[in-house]
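Grab a coffee and work through a few short exercises on the structure below. Try each task yourself before reading its solution.

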Amino acid sequence: RGQFWPPRWPKTRELAEVQYRQRLQLFFHPLMGVLTLLGLLVSQAFFSVQLLAVVRQSEVLLNVSGALGKSFRSLFLTVVLGMIVLYVFTVAGYLMFPEEFSDEKGERLCGDLWQCVVFTLTNGLRNGGGIGDALNNPEYDSPNFTKRVVYDLLFFACINVALINMVFGIIIDAFADLRDQRQSREEDQRTKCFICGRPADEFNRKHHNGFELHCMNEHNMWDFLHFVHYVNHKDEDEYTGQESYVADMLKRFDTSWFPLGRSEESD
């Protein structure tokens, strides 16, 4: 890459993302067809899922979903860690004070360990104070009072504060990274030549609007686009030597035929 940025031509990673998105597009219409059949034959609720097709029509929503998709592995592992910690707390509470997993009438809220896991998951996360808000409060002279205080505080700190904020942090970082990428891309478009990648300052030192003149005359990106279109639609038997070379580079997504870092005006 040298000291200059190359033009925005698909690189290996970018090309893989483009191909991945194209493969997803192939499944879009069959998926819509399946949802339609399920809506007709099973339940009309499946028709509501088709509203998610709006994501495909909006570039903003595609970028948002892409940002979340890149963080899917981190989110998934964090959720797995949270489930493990939640299970540890459930086992500890079930063994230390099972009698407190009951309502005001004394009826058990969970009959076995699995039911207690579900109860802790549904009530511990939804209550602002953790699982302590869903369990019976022990008496001050109860032998389990100190254990309950420590148990409730640890649950609140580990689950309701740490793990939930870790999930929020991953999501916020994904959107922040998306914003930084957009700002970096916009800054690159404003301050660097699309073709050679040289910064605008090199051209403006010689003329107050030298960068604009350079982008309009020597390295007009639309001229390059027209040339690529011309090569792609020209009969291969009529190629000149240069056109044959460029056509081969285009097939391999190779940008070495671009004047990367080179310009007659600044050299």
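## Rings, a helix and a patch

Phe-89 and Phe-155 are both buried. Keep in mind that this is a predicted model.

**Exercise 1. Work out whether the rings of Phe-224 and Phe-258 are stacked or edge-to-face.**

Step 1: the ring centres of Phe-224 and Phe-258 sit 5.5 Å apart, and rings pair if their centres lie within 6.5 Å.
Step 2: their planes are at 15°, and planes under 30 degrees apart count as stacked. So the Phe-224 and Phe-258 pair is stacked.
Step 3: now place the partners. Phe-224 belongs to helix H10 and Phe-258 to the segment after H11, so this pair links distant parts of the chain, 34 residues apart.
Step 4: check burial, where the cut-off is under 20% relative accessible area. Phe-224 has 19% and is buried; Phe-258, at 3%, counts as buried too.

**Exercise 2. Find how many aromatic pairs the whole structure holds, and describe the one formed by Phe-89 and Phe-155.**

Step 1: searching the whole structure turns up ten aromatic pairs.
Step 2: one of them, Phe-89 with Phe-155, is edge-to-face, with 5.4 Å from centre to centre and 80° between the planes.
Step 3: Phe-89 is in helix H5 and Phe-155 in helix H7 (residues 145-191), so the pair ties together parts 66 residues apart in sequence.
Step 4: look at the neighbours in the network: ring pairs join Phe-89, Phe-97, Tyr-151 and Phe-155 into a cluster.

**Exercise 3. Sort out which residues of helix H11 are buried and what they pack against.**

Step 1: within H11 (residues 241-251), the buried ones are Glu-243, Val-246, Ala-247, Met-249 and Leu-250.
Step 2: these residues span an arc of only 160° around the axis, which means they lie on the same side of H11.
Step 3: flip to the other side of H11 and you meet Gly-241 and Lys-251, which are exposed.
Step 4: the buried residues of H11 pack against helix H10 (221-233).
Step 5: just past the end of H11, Phe-253 has a positive phi of about 55°.

**Exercise 4. Identify the residues that form a nonpolar patch on the surface, then say how exposed Phe-72 and Val-80 are.**

Step 1: the patch consists of Phe-72, Phe-76, Leu-77, Val-80, Ile-84 and Val-88, together offering about 580 Å² of accessible area.
Step 2: Phe-72 is in helix H5, and so is Val-80.
Step 3: Phe-72 has a relative accessible area of 55% and is exposed, while Val-80, with 33%, is partly exposed.

Methods. Residues numbered from 1 in each chain as written. Predicted model: local features only at pLDDT ≥ 70, side-chain atom pairs only at ≥ 80, totals over all residues. Heavy atoms only, no water. Buried < 20%, exposed > 50% of the residue type's maximum accessible area, 1.4 Å probe, protein only. Helix = DSSP H or I, 4+ residues; strand = E, 2+ residues; numbered from the N terminus. Arc of directions from axis to C-beta. Contact = heavy atoms within 4.5 Å. Patch = residues over 30% accessible without salt bridge, like charges linked within 9 Å, V, L, I, M, F, W, Y side chains within 5 Å. Areas by Shrake-Rupley, 256 points an atom, 1.4 Å probe, with all protein chains shown as cover. Salt bridge = Lys/Arg side-chain N within 4 Å of Asp/Glu carboxyl O. Phe/Tyr/Trp six-rings, centres within 6.5 Å; stacked < 30°, edge-to-face > 60°.
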